[in-house]
Amino acid sequence: MRENHHGGTDGSGPPHVRMHPPDASAQTCDHCLKELPPDRVLVAVAPDSSVVHRSDPSLDGWRLVRACAEHLTELIDKARAGWVEEQLWFGRLARASSAQEMRGAPLRQVARQASLSPERLHQALRWNAWRTEPTRQLPGGQLVPLADTSLSWNGPTVTAAHHG
Ligand SMILES: [Zn+2]
């Protein structure tokens, strides 16, 4: 069963749907899920390469974690271990693509908008291609190349230059 509506913009839905945050007064440890009294909960920012902020790049790659005293370090260590730079780049690419003026723009232009060098773009695409469920299309409609980036990476460089 899938209830994963992915911000569809077609048709009749209400323009702004707000999710209610889970009961904000109940604080639980993100690790052991134990409920904690407000004076026992520790809040910290942990690195998370899957997070890109909607508009402020300086907030990219961070998320808030809540934990009991026992688990804060563990949570942050785990977060650090899960960091993938390419994931962050890919997220930035997707964010840039969702801007109005990037609609239908070539991928290279979107990458420039996202301040990604061609090399980083390439690495971000390669990372995406190797995921279990790669993204195939960016919000702005750009198709994400999958095969090329994954196959020709380690092999001998394909010489596309034709003389003559
Ligand atoms: Zn805990």
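# Report on a predicted protein model

Serine 115 is exposed, because 11 C-beta neighbours lie inside 10 Å; a residue is called exposed with 12 or fewer other C-beta atoms within 10 Å of its own, buried with 20 or more, and partly exposed in between, C-beta atoms being placed from the backbone. Serine 115 belongs to the loop between H3 and H4. Although serine 115 is not a glycine, its phi is positive, at about 60°.

**Basis and confidence**

The model is predicted: local features require a pLDDT of at least 70, side-chain atom pairs count only at pLDDT 80 or more, and totals for chains, interfaces and linings use all residues. Residue numbers start from 1 along each chain as its sequence is written.

The average pLDDT of the protein is 83, and 74% of the residues score at least 70; pLDDT is the predictor's confidence in each residue, from 0 to 100. Residues 1-13 have a pLDDT below 50, and this stretch makes 0 contacts in the model beyond near neighbours in sequence. For residues 149-164 the pLDDT is also below 50, with 9 contacts beyond near neighbours in sequence. A contact here joins two residues whose C-beta atoms, placed from the backbone, lie within 7 Å. Where pLDDT is low, the predicted coordinates should not be read in detail.

**Overall arrangement**

The protein contains 5 helices and 4 strands. These are DSSP runs numbered from the N terminus, helices being H or I runs of at least four residues and strands E runs of at least two. Along the sequence the pattern is β-β-β-β-α-α-α-α-α. Of the 164 residues in the protein, 21% are buried. Among contacts with a separation of 6 or more, 56% join residues 24 or more positions apart.

**The nonpolar cores**

The largest nonpolar core comprises 17 residues, and Leu93, Val110, Leu116 and Ala124 have the most contacts inside it. Helix H2 (85-97), helix H3 (107-113) and helix H4 (118-129) each contribute at least two residues to this core. H2 gives the most, with 6 residues. Another core, of 7 residues, lies apart from the largest one; Ala46, Ala67, Leu72 and Leu75 are among its members. A nonpolar core is a set of buried Ala, Val, Leu, Ile, Met, Phe, Trp, Tyr and Cys residues joined through C-beta atoms within 7 Å.

When residues up to four places away in sequence are not counted, valine 110 touches Leu93, Ala96, Ser97, Met102, Ala105, Leu138, Gly140 and Gln142.

**Helix H2 and its surroundings**

The 13 residues of H2 should span 18 Å at 1.5 Å a residue, and its end C-alpha atoms are 19 Å apart, which agrees; the expected span is 1.5 Å times one less than the number of residues. H2 is largely enclosed by the rest of the structure, because 10 of its 13 residues are buried. These buried residues are Gln87, Leu88, Trp89, Phe90, Arg92, Leu93, Ala94, Arg95, Ala96 and Ser97. H3 and H4 are included in what covers them.

The axes of H2 and H4 come within 8 Å and cross at roughly 100°. Axes are lines fitted to C-alpha atoms, for helices over the stretch in contact, and angles between N-to-C directions run from 0 to 180 degrees. The two helices H2 and H4 are therefore roughly perpendicular to each other; this term covers 65 to 115 degrees, while angles under 35 count as roughly parallel, over 145 as roughly antiparallel, and the rest as oblique. At this meeting, Glu86, Gln87, Trp89, Phe90 and Leu93 in H2 face contacts with Arg120, Gln123, Ala124, Trp127 and Asn128 in H4.

Glutamate 85 lies in helix H2. Its C-alpha atom is 9.4 Å from that of glutamine 123, although the two residues are 38 apart in sequence.

**Individual residues compared**

Alanine 114 is placed in the loop between H3 and H4. Apart from neighbours within four places in sequence, alanine 114 is in contact with Arg92, Leu93, Arg95 and Ala96. The C-alpha atoms of alanine 114 and tryptophan 89 are separated by 8.3 Å, with their positions 25 residues apart along the chain counted as separation.

Leucine 33 is found in the loop between strand E1 (27-28) and strand E2 (35-36). Leucine 33 is a residue other than glycine with a positive phi, near 65°.

| Residue | Other C-beta atoms within 10 Å | Class |
|---|---|---|
| Leucine 33 | 9 C-beta atoms | exposed |
| Glutamate 85 | 13 C-beta atoms | partly exposed |
| Alanine 114 | 23 C-beta atoms | buried |
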